[in-house]
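Me: I am new to reading structures, and I would like a careful look at a single part of this one. Could you take the place where the two chains pack together through their helices, and then place it among its surroundings?

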Amino acid sequence: MNAVLAFADITSLIAFTVALVMTLTIKTDSPLVTKSVRYVFAVAMGLYVLVGISNVLENTGITASFDRYEDFLEILFMPAIAWTASTIYLNSQLAQQRSLSRAMRSQNDLLMNIVDTVPGGVVVLDAAGGIAFANQGAERILGLQSDDGGSLRITPQWRLRNPLSGATVTLGDIAAGGSIERRPFIAEWPDRRATSLTLSSTPMYGADGELNGSVVAFEDVTGR
Amino acid sequence: MSFEPYEIADLLMMLVLGPVTLAVARRIAPSTLVPVSVCLGLVFTGYVATILEGVTAPLFLNLVEHWAYAAAGIAFVWLLAKVAAAIGVRGAGRR
């Protein structure tokens with residue numbers, strides 16, 4: 001009987017030792033298996049290596065004095081296994097978030113490149129007529145500048161005029177005014193410089209049907 | 001009939017954290033659910049046999065306990081081999 005038990009204990013000792021060595025030596029680039037995951041799982045495997053040693057010593061008749069410590073050791077096993085599984089799961093969620101974030105940043109860069117490549121100006125107005133976004137063409141044509149916070153402001157003296165009616169038009173009027181297609185406007189500067197624009201605007205509505213602002217596209221047609 | 005309190009504590013730990021571990025393993029990779037279940041099931045068998053050997057059939061249940069741990073060790077090696085294959089082992093054995 002003792003020989004059968006000893007064989008089981010030696011098998012257990014060898015198997016858990018192999019598991020421990022595998023845990024410590026497997027090389028991987030996976031972000032799921034961090035050092036802490038590896039070490040805590042190694043502790044779990046190491047506990048049963050010690051249990052195996054104790055059982056081998058006991059069942060080969062060398063000494064049974066470590067037997068009383070086995071249950072103490074085993075009590076740490078499940079917390080270590082559960083912690084390992086939970087941490088791998090958290091790491092997988094973090095890796096997924098990082099991957100999504102990278103994909104979104106790359107998509108954003110691509111869209112910004114496309115919008116900045118457009119030769120004309122494109123601005124996005126919020127519902128109040130504030131500029132929420134301007135491409136490089138718009139910055140160049142209308143002299144828009146980003147402040148330090150990244151939001152845009154318009155050169156203060158700059159104003160738009162409708163050349164047909166002569167009325168001054170604010171960006172708020174454009175934002176609230178519905179669709180405009182290739183309508184002429186003149187941007188007048190304090191130094192009497194004037195920039196002729198052909199401007200189109202399309203309102204943007206949110207899911208609730210409320211006006212969120214407008215996308216305004218324009219080109220500099222001065223001298224044409 | 002004799003129980004060691006730590007044997008009961010081991011079993012309670014397994015009963016509380018075992019299902020949690022299995023649920024988490026299923027969410028990480030469903031393919032690991034079977035090996036993890038086998039590993040924990042064998043350790044659980046060992047814990048139950050440890051407790052029951054104080055009640056009945058001590059020789060047989062002692063044998064069950066020790067063989068359950070031996071089988072659990074082999075199952076953990078299987079689990080690690082499966083995990084290593086799944087996460088892609090890099091340059092194993094090379095520097």
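Reply: What follows starts with one pair of helices and then moves outward to the core and the sheet. Please keep in mind throughout that this is a predicted model.

The part to look at is the meeting of helix 2 of chain A with helix 3 of chain B, whose axes come within 12 Å and cross at roughly 145°. This crossing is left-handed. From helix 2 of chain A the contact is made by A:Met45, A:Tyr48, A:Val51 and A:Asn55, while helix 3 of chain B brings B:His66, B:Tyr69, B:Gly73 and B:Phe76. Sorted by class, the residues of this contact are 5 nonpolar and 3 polar, with no charged residue present.

One residue of this contact, B:Phe76, deserves a second look. Leaving aside residues up to four places away in sequence, B:Phe76 touches A:Ala15, A:Phe16, A:Ala19 and A:Met45, and also B:Cys39.

Several of these names return in the largest nonpolar core, which has 46 residues, and in which A:Phe16, A:Ala19, A:Met45, B:Cys39, B:Ala72 and B:Phe76 touch the most other members. Two or more residues of this core come from each of helix 1 (2-25), helix 2 (35-59) and helix 4 (77-117) of chain A, and likewise from helix 1, helix 2 (33-52) and helix 3 (58-87) of chain B. Helix 3 of chain B gives the most, namely 12 residues. Apart from this core lies another one, of 18 residues, including A:Ile131, A:Ala138, A:Ile141 and A:Leu199.

Chain A also holds an open sheet, in which 7 strands follow the order 2-1-9-8-7-5-6 with antiparallel pairing. Strand 2 (131-134) and strand 6 (168-169) of chain A stand at the edges, and each has a single partner strand, so one side of each is left without a neighbour in the sheet. Within the sheet, strand 1 (residues 121-126) and strand 9 (residues 211-220) of chain A run antiparallel and are joined by 6 bridges, and A:Gly121 stands opposite A:Phe218 of strand 9 of chain A.

Finally, back in chain B, B:Val16 lies in helix 1 (residues 5-28). B:Val16 is partly exposed, because 13 other C-beta atoms lie within 10 Å, and a residue counts as partly exposed when this number is above 12 but below 20. The C-alpha atoms of B:Val16 and B:Gly46 are separated by 16 Å, and these two residues are 30 residues apart along the chain.

Definitions and conventions: Residues are numbered from 1 along each chain as its sequence is written. Chains are lettered from A and ligands numbered from 1 in the order in which they are written. This is a predicted model: local features need pLDDT of at least 70, side-chain atom pairs count only at pLDDT 80 or more; totals for chains, interfaces and linings use all residues. Helices (H or I, at least four residues) and strands (E, at least two) are DSSP runs, numbered from the N terminus. A nonpolar core is a set of buried Ala, Val, Leu, Ile, Met, Phe, Trp, Tyr and Cys residues joined through C-beta atoms within 7 Å. Two residues are in contact if their C-beta atoms, placed from the backbone, lie within 7 Å. Two strands pair if DSSP finds at least two bridges between them. Axes are lines fitted to C-alpha atoms, for helices over the stretch in contact, and angles run from 0 to 180 degrees between N-to-C directions. A crossing is left-handed if the near helix is turned anticlockwise from the far one by less than a right angle, and right-handed if clockwise. Ala, Val, Leu, Ile, Met, Phe, Trp, Tyr, Cys and Pro count as nonpolar, Asp, Glu, Lys and Arg as charged, and the others, Gly among them, as polar.
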